[in-house]
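Reader: I am in my first year and would like to understand one part of this model slowly and properly, rather than skim over everything. Could you choose a single part, look at it closely, and show me how it is connected to its surroundings?

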Amino acid sequence: MNEYKEIVTKAVISKETKKINIKFDALVERNITKVIGAYILNNEVCGKIDEGVVKINGVFDTNIWYSYDNNTKTDVITSKNNYEEILKVDKDLLDGDLAEVKVKCITPPVCTNAIHKKNKISYVLDFELQMQLVGEVTIRIKEYNEENKVVDEIEVNTDYLKE
């Protein structure tokens, strides 16, 4: 008689990627002549299950280098930016405390556009996130007893081993 064994383990039960395009504004004290560059760092992201959806929260620092006073002086403005994205997932997969969310940034944030008007800089960031929903799964395997076990007898030629 064959019996079944069950293995309970954690596995990725859903995976999704999302491209994010977010616009932010920064105000400076001077009238800007030109935006010279932007750099994003300290990107942190996490996810949680909330009311039947996956909420992704992130925060990062943005440094924007700009010139003023007719391109004779430069300065850097640093700002901390927050964002929230919502991913819809099959509600059957969101089984209370059994599911956990793992989020990682697969394409780091980059500034794709930065424009200025007087003392305001508007910039757009693009990046891509990957969300994995991890949950418990049960795998059933068939167990064979010794009577049903088939073993092939194989002869091994040991002459190929030469000293």
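Author: Let me begin with a word that we shall need throughout: a strand is a run of at least two residues that DSSP labels E, a helix is a run of at least four labelled H or I, and the elements are numbered from the N terminus. With that in hand, the elements of this protein run β-β-β-β-β-β from the N terminus on, which fits a count of zero helices and six strands. Please keep in mind that this is a predicted model. The part I propose to look at is the pair formed by strands S3 and S4, together with what touches them.

Strand S3 covers residues 53-68 and strand S4 covers residues 73-88. The two run antiparallel, and 16 bridges join them. In general, strands of a sheet pair through backbone hydrogen bonds, either parallel or antiparallel. To follow the pairing residue by residue, you can find Asn-63, which stands opposite Thr-78 in S4, and then Trp-65, whose bridge partner in S4 is Val-76.

Between the strands of this hairpin there are four residues, and in it Asp-69 takes a positive phi near 55°. The side chain of Asp-69 also meets that of Lys-73 in a salt bridge, with 3.9 Å from N to O. Asp-69 is partly exposed, having a relative accessible area of 42%, and Lys-73 likewise counts as partly exposed, at 43% relative accessibility.

If we now step back a little, the hairpin turns out to belong to an open sheet of three strands, placed in the order S2-S3-S4 and paired in an antiparallel way. Because S2 and S4 stand at the edges and each has a single partner strand, one side of each is left without a neighbour in the sheet. Direction ignored, neighbouring strands of this sheet are turned by 15° against each other on average.

A second salt bridge brings in a piece of chain from outside the hairpin: the side chains of Asp-75 and Arg-30 meet with 2.9 Å from N to O. Since Asp-75 lies in strand S4 and Arg-30 in the loop between S1 and S2, this pair ties together parts that are 45 residues apart in sequence. Asp-75 is partly exposed, with a relative accessible area of 27%, and Arg-30, at 28% relative accessibility, is partly exposed as well. In the structure as a whole there are seven salt bridges.

Tyr-66 makes a good place to see how many stretches of chain come together here. Leaving aside neighbours within four places in sequence, Tyr-66 is in contact with a list of residues that includes Val-28, Arg-30, Ile-32 and Val-35, as well as Lys-73, Asp-75, Val-76 and Ile-121. Tyr-66 is also among the residues with the most contacts inside the largest nonpolar core, which has 28 residues; Val-54, Ile-56, Ile-121, Tyr-123 and Met-131 are the others named with it. Strands S3 and S4 are among the elements that give two or more residues to this core, along with S1, S2, S5 and S6, while the largest share, seven residues, comes from S6. As a general tendency, nonpolar side chains in soluble globular proteins are buried together.

Aromatic rings offer another link from S3 to the rest of the chain, and a search of the whole structure finds six aromatic pairs. In one of them, the rings of Phe-24 and Phe-60 have centres 5.8 Å apart and planes at 85°, so the pair is edge-to-face. Phe-24 lies in strand S1 and Phe-60 in strand S3, so parts that are 36 residues apart in sequence are tied together. Both Phe-24 and Phe-60 are buried, and they form one aromatic cluster with Tyr-83, Tyr-123 and Phe-127.

Finally, it helps to set these links against the whole protein. Of the contacts between residues at least 6 apart in sequence, 74% join residues at least 24 apart, and buried residues make up 28% of the 163 residues.

Methods: Residues numbered from 1 in each chain as written. Predicted model: local features only at pLDDT ≥ 70, side-chain atom pairs only at ≥ 80, totals over all residues. Heavy atoms only, no water. Core = buried A, V, L, I, M, F, W, Y, C linked by side-chain atoms within 4.5 Å. Buried < 20%, exposed > 50% of the residue type's maximum accessible area, 1.4 Å probe, protein only. Contact = heavy atoms within 4.5 Å. Salt bridge = Lys/Arg side-chain N within 4 Å of Asp/Glu carboxyl O. Pairing = 2+ DSSP bridges. Axes fitted to C-alpha atoms, helices over the stretch in contact; angles between N-to-C directions. Phe/Tyr/Trp six-rings, centres within 6.5 Å; stacked < 30°, edge-to-face > 60°.
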